[in-house]
Structure formats: C-alpha cells, structure tokens
Amino acid sequence: MPLSPARETLPVAIVGGGFSGTLLTINLLRHGARVVLVERAVAQMATGLAFGTSRPEHLLNVRAANMSAFPDDLDHFVRWLGVSGSDAVNRFVPRRTYGEYLRNLLAETLAGAPGRGEIRAGEAVAARFKDDRVVLTLNSGEELACRALVLALGNFPPSLHPALSDLPLDICFTNPWQAAAYPKLDEVREVLLLGSGLTAIDGVLSLERAGYRGRYTALSRRGLKPRHHAPTGPAVARVAEPEARGSHLLSHVRARASQVGWRAAVDELRPYTQNIWRRHDHAAQARFLRHLRPYWDVHRHRLAPEIGEQIAALEREGRLQFVAGKLLRATPDSGGACVTWRPRGTDEEESRRVGLIATCTGPDGDLTRASDPLVRDLLQQGRVRADAHRLGLDVSHAGNVRDANGERQEDLFAVGPITKGEAWEIVAVPDIRRQVWNLARYLTNAHWVEGEGL
C-alpha cells in the first residue's frame with residue numbers, strides 16, 4: 001500500500017481503546033508507525049467491557065497459557081504473571097488481572113516510542129475522507145488528520161427486548177453487571193435473565209457476590225447453558241483441516257467427538273474455524289446461525305472449572321433454572337414485573353413474577369440500531385454497510401471496510417468483534433491478537449518482509 005510523502009507523516013487513528021484498539025496500537029508502535037488512539041472513557045483504557053470489570057469473581061474463560069497478547073511470543077502473559085509449569089497452563093485468572101496486563105503493556109510501549117504514540121480523550125463523531133488523508137472530528141470540535149482510520153469499537157450494546165418496553169427502567173438492565181447494584185436487592189425474590197450464555201453467568205456471579213440469595217431463571221430460545229473446561233488442558237494434536245461442509249461437517253465433528261471427546265473435537269477446529277466459515281456460502285452460514293449457533297456457543301465458549309461448579313451448585317440448590325422458551329410479554333406488578341413466556345415445543349404459556357430483569361442476549365450487531373455517532377455518520381456517507389448477517393460491519397479478509405457499494409476502502413479499516421460477519425470467530429484473544437498483528441504489518445508494509453514477499 002504505497003503512501004504519498006504527505007500521508008507518510010500522518011498517524012494511523014484508532015477509535016476505541018478496548019482490547020482490539022489497544023493491541024493494534026501496541027503492534028503499530030512496535031512496527032515504527034505513528035498512532036493516535038481515541039477513547040471516550042479513558043478510565044477504561046486498554047480494558048473495554050471485557051476486561052474492565054473490577055470484580056474478582058469474573059474469571060477469564062481461557063487458560064492463562066493461551067492469553068498472550070502476541071502471536072509471536074505465546075508465553076508473554078505467563079511470564080508477566082510470574083507463574084510456571086502446570087499452574088500456568090491451567091490457571092484461569094481474574095479478568096481484571098488481564099486488564100492490568102494490557103494497561104501495563106500499553107504504557108511500556110508508549111514509553112518506548114516517544115513522540116509516536118498519543119492517547120486522545122474524547123468521542124469521535126464524524127470523519128471526512130480526502131485524497132491524501134482522513135480528518136476525524138471529536139465531540140470537542142477538534143479535528144485530527146490521519147492517513148488511515150481504524151474502527152475498534154468492540155461490541156455494540158444489546159437492545160431492550162420489545163416485550164419489556166412498558167416496564168420501569170429501574171428494574172430492567174441491558175447491562176447485567178449493573179443489576180448487582182440494585183438498591184433493594186434484599187427485597188427481590190426472583191431475577192429473570194434473558195439469555196443463558198456467559199453473560200448470564202456473569203450476572204449471576206455478580207448478584208451472588210452482592211449478597212443476593214433468591215432464585216434465578218435463565219430464559220433462552222434453547223435453554224442451553226455453557227459447558228465448562230476440564231480441570232486440566234487437553235493435549236490437542238494438530239490435525240488436518242476438515243474438508244467437509246454443512247451437515248457432513250457436523251457429522252464429522254460428532255464422530256470425532258466420540259473418539260477424542262467433545263472438548264478436543266471442538267478445540268481441533270480452532271486453527272481452521274475462520275476458514276471453515278468463509279468457505280460456506282451465505283445460505284449455509286445463515287442455516288448455521290439459525291440452527292447450530294447456540295450449540296456451538298455453549299461448547300466453544302466455556303466456563304472456568306471453578307465457575308462451572310458454582311453454577312452446578314446453584315442448580316442443585318434449586319436457585320438457578322435454565323428454561324427454553326420465548327418471552328411473550330411483561331407487565332408492571334407491585335414494583336416488579338409479571339413475565340409470560342411460551343416454553344419451547346408447546347403452545348402453553350407460563351407466567352411468573354420477578355423483581356429484576358437482566359438482558360444477557362449478547363451484543364446487537366445491527367448497524368442500523370447503533371447509537372455510536374461515528375457509525376451513524378459513516379452510514380449516512382455510505383462509507384460503511386452491514387455484513388450479510390447483520391453481525392457487524394462488512395469488511396474484507398484484510399480488514400478493509402466495504403462501502404455501501406461493496407468496494408474495499410484503503411483508508412478505513414475495522415478490527416475486533418464488529419468484523420464477526422467476515423471471520424465468525426473473532427471475539428477471543430487468540431483470534432483478535434492475530435487479526436491486529438496482521439493489520440499492523442499491512443499498514444506498515446511489514447507484510448512484504450519476513451519471508452512473505454522477499
């Protein structure tokens with residue numbers, strides 16, 4: 001990607017200082033680029049939603065041995081922790097500890113690149129694209145000129161379920177972590193969690209630590225709950241990429257699971273998951289999302305073993321129930337709500353009174369509902385469009401954002417979960433660290449060296 005002399009002196013601007021934006025900043029600085037990182041919540045710099053929690057009960061869902069920030073130094077995080085041996089391989093550390101790791105890494109990299117890296121507090125609200133530069137506008141009115149703009153916006157927040165629109169806002173939480181701060185928690189007898197995945201588990205853990213001792217109902221379409229990791233990591237050998245597609249691929253994985261166990265069968269796919277997703281056409285991807293995604297999620301995205309045991313204990317006590325069904329309506333009822341759902345596979349309805357409701361359905365990837373001012377500005381300009389499944393932005397394999405006509409742009413990129421439609425598996429650290437590593441090399445022309453072009 002040759003640059004004009006004028007553009008060469010300009011920085012790369014990154015909007016979003018969570019994990020993706022922070023790690024891209026670090027990699028760009030390591031490759032000699034100038035960078036300006038724009039973040040509206042500087043107090044959450046380098047952590048974002050995923051690693052910004054201060055609660056010790058929120059553990060990583062991946063073993064420490066797999067959490068290095070760098071694909072070329074896989075022991076980096078373990079060395080930072082100062083642990084070794086089997087303890088390092090199988091440890092699930094608090095997410096706040098990983099946030100400290102990222103902040104320290106960013107600070108060290110900035111200190112080692114004086115004059116080339118800058119953190120700018122503020123919210124990006126608009127961008128203008130010229131022949132030799134992009135001009136980013138902040139909410140303060142300040143303008144920043146850059147040679148390329150990278151969107152590292154993390155996950156868009158979930159939308160409030162339409163059935164909850166008539167309820168008081170103080171008992172409905174789209175951020176389940178905030179439910180634990182409800183001032184009358186001791187008066188609540190039951191909490192409804194809309195969704196039964198990892199976010200719902202986080203909500204339960206936070207409420208437990210806050211002293212809540214009532215019941216939980218986790219309602220989702222299938223009623224599935226996340227599986228947990230084995231106490232020790234499986235030794236997964238590298239296998240050939242499966243060539244099967246669709247239902248034949250599903251049969252292959254099931255057969256493999258009967259031979260090596262379901263954890264190993266799923267983990268063997270990890271090096272190839274993105275390629276498998278890409279070689280399926282739009283219709284096949286849509287069938288996966290409609291029918292198999294819930295089953296994939298609970299097997300692929302697992303709990304730390306100790307968290308799995310806590311959840312199992314709550315189920316044994318009768319305090320936590322996972323229910324399959326569809327929420328139909330909710331009406332105010334004496335400071336709480338009366339909620340009604342249809343259990344899966346029946347025409348019956350079931351109603352229950354709850355004191356709090358937490359939305360745990362995951363991020364809303366539909367750009368048309370995004371409240372982010374920069375996204376809305378880019379949509380209005382025709383600079384971005386949704387991917388085919390409305391999981392996020394439409395991007396190329398290299399991260400170039402496609403405009404409204406589907407054309408790749410060489411001055412606008414995206415990284416992280418908002419590129420899920422192109423890569424599918426792009427929410428975990430091992431996937432994002434490779435993505436930002438590749439983009440940093442691309443933006444600094446380092447992809448032409450190290451035996452890959454010379």
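**View 1. The largest nonpolar core of the predicted model.** This core holds 44 residues, and among them Leu193, Ile311, Val339 and Ile357 touch the most other members. Two or more residues each are contributed by strand 8 (172-173), strand 9 (190-194), helix 7 (198-209), strand 10 (215-220), helix 12 (305-316), strand 11 (320-333), strand 12 (336-343) and strand 14 (356-359). A second core, separate from this one, comprises 38 residues, including Phe70, Tyr98, Val415 and Val436.

**View 2. Surroundings of Val339.** With residues up to four places away in sequence left out of the count, Val339 touches Leu192, Leu327, Arg329 and Ala330, and also Glu350, Ser351, Arg352, Val354 and Ile357. Of these neighbours, Ile357 is named together with Val339 among the residues of the largest nonpolar core that touch the most other members.

**View 3. Strand 7 (residues 148-151) and its two partner strands, strand 1 and strand 16.** Strand 1 (residues 12-15) runs parallel to strand 7 and is joined to it by 4 bridges, whereas strand 16 (residues 408-414) pairs with strand 7, also in the parallel sense, over 3 bridges. Leu149 takes part in both pairings, standing opposite Ala13 and having Leu412 as its bridge partner in strand 16. In a regular strand, side chains alternate between the two faces of the sheet. In strand 7 both faces are covered, with Ala148 and Val150 buried on one side and Leu149 and Leu151 buried on the other.

**View 4. Packing of helix 2 against helix 6.** The axes of helix 2 and helix 6 (residues 95-111) lie 10 Å apart and are inclined at an angle of about 30 degrees; because angles under 35 degrees count as roughly parallel, the two helices are described as roughly parallel to each other. The crossing of helix 2 and helix 6 is left-handed. From helix 2, the residues Phe19, Thr22, Thr25, Ile26, Leu29 and Arg30 meet Tyr98, Leu102, Leu105, Leu106, Thr109 and Leu110 of helix 6. Tyr98, on the helix 6 side of this contact, is also one of the residues of the second nonpolar core.

**View 5. Thr25 in helix 2.** Thr25 lies in helix 2 (residues 19-30) and, at 2% relative accessibility, counts as buried, because the limit for that class is under 20%. Apart from residues up to four places away in sequence, Thr25 touches Ile14, Val35, Leu37 and Leu106. Leu106 belongs to the set of helix 6 residues that helix 2 meets, while Ile14 falls within strand 1 (residues 12-15).

Key. Residues are numbered from 1 along each chain as its sequence is written. This is a predicted model: local features need pLDDT of at least 70, side-chain atom pairs count only at pLDDT 80 or more; totals for chains, interfaces and linings use all residues. Side-chain values use heavy atoms; hydrogens and water are left out. A nonpolar core is a set of buried Ala, Val, Leu, Ile, Met, Phe, Trp, Tyr and Cys residues joined through side-chain atoms within 4.5 Å. Buried means under 20% relative accessible area, exposed over 50%, partly exposed in between (1.4 Å probe, protein chains only). Contact means heavy atoms within 4.5 Å. Two strands pair if DSSP finds at least two bridges between them. Axes are lines fitted to C-alpha atoms, for helices over the stretch in contact, and angles run from 0 to 180 degrees between N-to-C directions. Angles under 35 degrees count as roughly parallel, over 145 as roughly antiparallel, 65 to 115 as roughly perpendicular and the rest as oblique. A crossing is left-handed if the near helix is turned anticlockwise from the far one by less than a right angle, and right-handed if clockwise.
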